[in-house]
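Here is a set of short questions and answers to work through with the structure in view. Try each question before reading the answer.

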Amino acid sequence: MNILIAAVGGQGAVLASKVLGKLAQNIGKDVKVSEVHGMSQRGGSVVAHVKFGDKIYSPVVEKGSADIVLAFELLEGARYVDYLKEDGILISNTQKINPMPVIIGAVDYPEDIKQKMAEKNINTKFVNAMDLAKESGNIKTVNTVLIGLLAKNSPISKDEWVKAIKETVPERFLDVNLKAFEMGYNLN
């Protein structure tokens, strides 16, 4: 399975990639994870590549090979749809975080992102993960809400996902993250 995580710095992409890596290890798969932080500390893009299977040789998800693009922000999802393979799925938060060119007024945030993706005939699942994270009790659980939706759309048992979260998330944040995971998992 090839998963590309696209986020903005501070949204929890690194933790999400660790959960996926632990999940793969727990089910006996070879796993490779590669994270590109870039200007993440300044609200820039963060991309994590997660690949697992019987034998993985490279940690990089190539364009056209991702089973899933997991986007923590709408524009980040749009930037990486070319990484999806033909029957891949884009799971995207609908949250909009203005990148620097929008903040300084050089460009406008694209308003028709979801429509453009629909025109490309991409299998998409959009969710307002921020609202669900707030409802779970912590806005920093957007990542776990999205992991829940990813889990629902994967062939791996829910119990394995929960186990990986329990083994990865720090104890003091575990309950709120498990609640957020359930909220994402229970989406249609």
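Q: In which helix is the place of Met100?
A: The model is a predicted one. In it, the helix that covers residues 100-103 includes Met100. That helix is H3.

Q: Is Met100 buried, partly exposed or exposed?
A: Buried means under 20% relative accessible area and exposed means over 50%, with partly exposed in between. Met100 has a relative accessibility of 48%, so Met100 counts as partly exposed.

Q: What is the area of the nonpolar surface patch that Met100 helps to make?
A: Met100 makes this patch together with Ile103 and Ile104. The area of the nonpolar patch is about 340 Å².

Q: Where does Asp108 lie, and is Asp108 buried or exposed?
A: Asp108 lies in the loop between H3 and helix H4 (113-119). The cut-off for exposed is over 50% relative accessible area. Asp108 has 69% relative accessibility, so Asp108 counts as exposed.

Q: How many Å separate the C-alpha atoms of Asp108 and Val46?
A: Along the chain, Asp108 and Val46 are 62 residues apart. In space, their C-alpha atoms are separated by 21 Å.

Q: Which strand holds Asp87, and what is the relative accessible area of Asp87?
A: Asp87 has its place in strand S5. Asp87 counts as exposed because its relative accessible area is 59%.

Q: How far apart in space are Asp87 and Leu149, C-alpha to C-alpha?
A: In sequence, Asp87 and Leu149 are 62 residues apart. From C-alpha to C-alpha, the distance is 17 Å.

Q: Why is helix H6 described as largely enclosed by the rest of the structure?
A: Helix H6 covers residues 142-152. Its buried residues include Val142, Leu146, Leu149 and Ala151. The helix is largely enclosed because the buried residues number 10 of the 11.

Q: How many salt bridges does a search of the whole structure find?
A: One salt bridge is formed by Asp67 and Lys85. Another is formed by the side chains of Asp112 and Lys116. For the whole structure, the search finds 8.

Q: How far apart are the closest N and O atoms of Asp67 and Lys85, and how many residues apart in sequence are the parts they tie together?
A: In the salt bridge between Asp67 and Lys85, the closest N and O atoms are 2.5 Å apart. Asp67 lies in strand S4 (residues 66-71) and Lys85 in strand S5 (residues 84-93), so the pair ties together parts whose separation in sequence is 18 residues.

Q: Which helices are linked by the salt bridge between Glu182 and Lys158?
A: The side chains of these two residues meet at 2.8 Å, N to O. The pair links distant parts of the chain, 24 residues apart. Glu182 is in helix H8 (residues 171-185), and Lys158 is in helix H7 (residues 158-168).

Q: Which residues are joined into one network by salt bridges that share partners?
A: The network is built from salt bridges with shared partners. The residues joined are Asp30, Lys32 and Lys55.

Q: How many nonpolar, polar and charged residues line the largest pocket?
A: The largest pocket has a volume of about 200 Å³. Among the residues that line the pocket are Gly10, Leu15, Lys140 and Phe173. Gly counts as polar, Leu and Phe as nonpolar, and Lys as charged. By class, the lining has 4 nonpolar, 7 polar and 1 charged residues.

Key:
Residues numbered from 1 in each chain as written. Predicted model: local features only at pLDDT ≥ 70, side-chain atom pairs only at ≥ 80, totals over all residues. Heavy atoms only, no water. Patch = residues over 30% accessible without salt bridge, like charges linked within 9 Å, V, L, I, M, F, W, Y side chains within 5 Å. Areas by Shrake-Rupley, 256 points an atom, 1.4 Å probe, with all protein chains shown as cover. Salt bridge = Lys/Arg side-chain N within 4 Å of Asp/Glu carboxyl O. Helix = DSSP H or I, 4+ residues; strand = E, 2+ residues; numbered from the N terminus. Buried < 20%, exposed > 50% of the residue type's maximum accessible area, 1.4 Å probe, protein only. 1 Å grid on protein atoms, 1.4 Å probe; cavity = no way out; pocket = protein on both sides within 12 Å on 5 of 7 lines; lining within 4 Å. Points joined across faces, edges and corners; volume = space filled by probe spheres on them.
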